[in-house]
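Please walk through this protein from its overall layout down to single residues, keeping the sequence and the coordinates side by side.

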Amino acid sequence: LINDYNNNDKKLFINNLSRVEFVNVYRHASFQIGNSSSGICEAASIPLPVVNVGDRMIGRKAMGNVIWCNGEKKEIGSSIDKAISEDFYCKEVKGIKNIYGDGYASERAFDLIKSIDLSNYEEFRIEDPLKVFNDSIQNNDK
């Protein structure tokens, strides 16, 4: 089906994007439409309005940038109109903080681990947990 529409001048279908390409498409998009977790989890970090079609993502916590709609053509159209409106952007999208994080969790975790004084834990764990696990599997096989 994608190949049937791929020669259309107004549409471009891409199966998969690299992370850099994906983020740059997001940065330059007016909105996202679909039912992907990226619209729920990542679009708020750009920030980008999202039209989420269908109920595949129901139950996932979403920010105000997400507009939920069913698959009816009229509702999808009105949801797109809302997503690209300046009023929606100013009230619901601009300045939102993503509940799924700000992209710096690994740096904060690294800094926290580096700050822990481990000198009191020299003999805390002297066995290798992986070796203990492998030994127990080998003993059960005998």
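The paragraphs below go from the order of the elements to the sheet, then to the helix packed on it, and finally to a few individual residues.

The model is a predicted one, and what is said here about its geometry should be read with that in mind. The protein has seven helices and three strands, and from the N terminus on these elements follow one another in the order α-α-β-α-β-β-α-α-α-α. Of the 142 residues, 19% count as buried. Among the contacts with a separation of 6 or more, 33% are made by residues 24 or more positions apart.

The sheet is a convenient place to begin. Its three strands form an open sheet in the order S1-S2-S3, and their pairing is parallel. Strand S1 (32-34) and strand S3 (66-69) are the edge strands, each of them pairing on one side only. On average, and with direction ignored, neighbouring strands of this sheet are turned by 15° against each other. In general terms, the strands of a sheet pair through backbone hydrogen bonds, in either a parallel or an antiparallel way. Here S1 is joined to strand S2, which comprises residues 50-53, by three bridges, and the two strands run parallel; within this pairing, Ile33 stands opposite Val51 of S2. On the other pairing, S2 and S3 are linked in the parallel sense over four bridges, and Asn52 has Trp68 of S3 as its bridge partner.

Strand S2 is covered on both of its faces, since Val50 and Asn52 on one side are buried, as are Val51 and Val53 on the other. Asn52 deserves a closer look, because with a relative accessibility of 1% this residue falls under the 20% limit and counts as buried. Setting aside residues up to four places away in sequence, Asn52 touches Gly34, Asn35, Ser36, Ile40, Met57, Val66, Ile67, Trp68 and Cys69. One of these contacts, Cys69, is itself buried, with a relative accessible area of 5%.

Which strands does helix H4 touch where it packs on the sheet? Helix H4, residues 73-83, is in contact with S1, S2 and S3, and its direction makes an angle of about 170° with that of S3. Within H4, the residues Ile76, Ser79 and Ala83 are buried. Seen down the helix axis, the buried residues of H4 fall within an arc of 65°, and they therefore line one face of the helix. These buried residues pack against S1, S2 and S3, and also against helix H5 (86-93). The face of H4 that is turned away from its buried side carries the exposed residues Lys73, Lys74 and Asp81.

Helix H5 also spans the position of the second cysteine to be considered here, Cys90, which at 45% relative accessibility counts as partly exposed, whereas Cys69 is buried. As for disulfides, the count for the model comes to zero.

Away from the sheet, helix H2 (residues 19-28) holds both Phe22 and Tyr26, which lie four residues apart, about one turn of the helix. The count of aromatic pairs comes to one. The ring centres of Phe22 and Tyr26 are 4.6 Å apart and their planes stand at 35°, so the pair is classed as tilted. Tyr26 counts as buried, at 6% relative accessibility.

The stretch that leads into S2 contains two further points of interest. Ser37 lies in helix H3 and, at 30% relative accessibility, counts as partly exposed. Leaving aside neighbours within four places in sequence, Ser37 is in contact with Glu42, Met57 and Arg60; Met57 is also among the residues that Asn52 touches. The C-alpha atoms of Ser37 and Arg56, which are 19 residues apart along the chain, are separated by 9.2 Å. Beyond helix H3 (37-41), the loop between this helix and S2 is where Pro47 is placed, and the peptide bond that joins Ile46 and Pro47 is cis, with omega about -10°.

Note on methods. Residues numbered from 1 in each chain as written. Predicted model: local features only at pLDDT ≥ 70, side-chain atom pairs only at ≥ 80, totals over all residues. Heavy atoms only, no water. Pairing = 2+ DSSP bridges. Axes fitted to C-alpha atoms, helices over the stretch in contact; angles between N-to-C directions. Contact = heavy atoms within 4.5 Å. Disulfide = S-S within 2.5 Å. Buried < 20%, exposed > 50% of the residue type's maximum accessible area, 1.4 Å probe, protein only. Arc of directions from axis to C-beta. Phe/Tyr/Trp six-rings, centres within 6.5 Å; stacked < 30°, edge-to-face > 60°.
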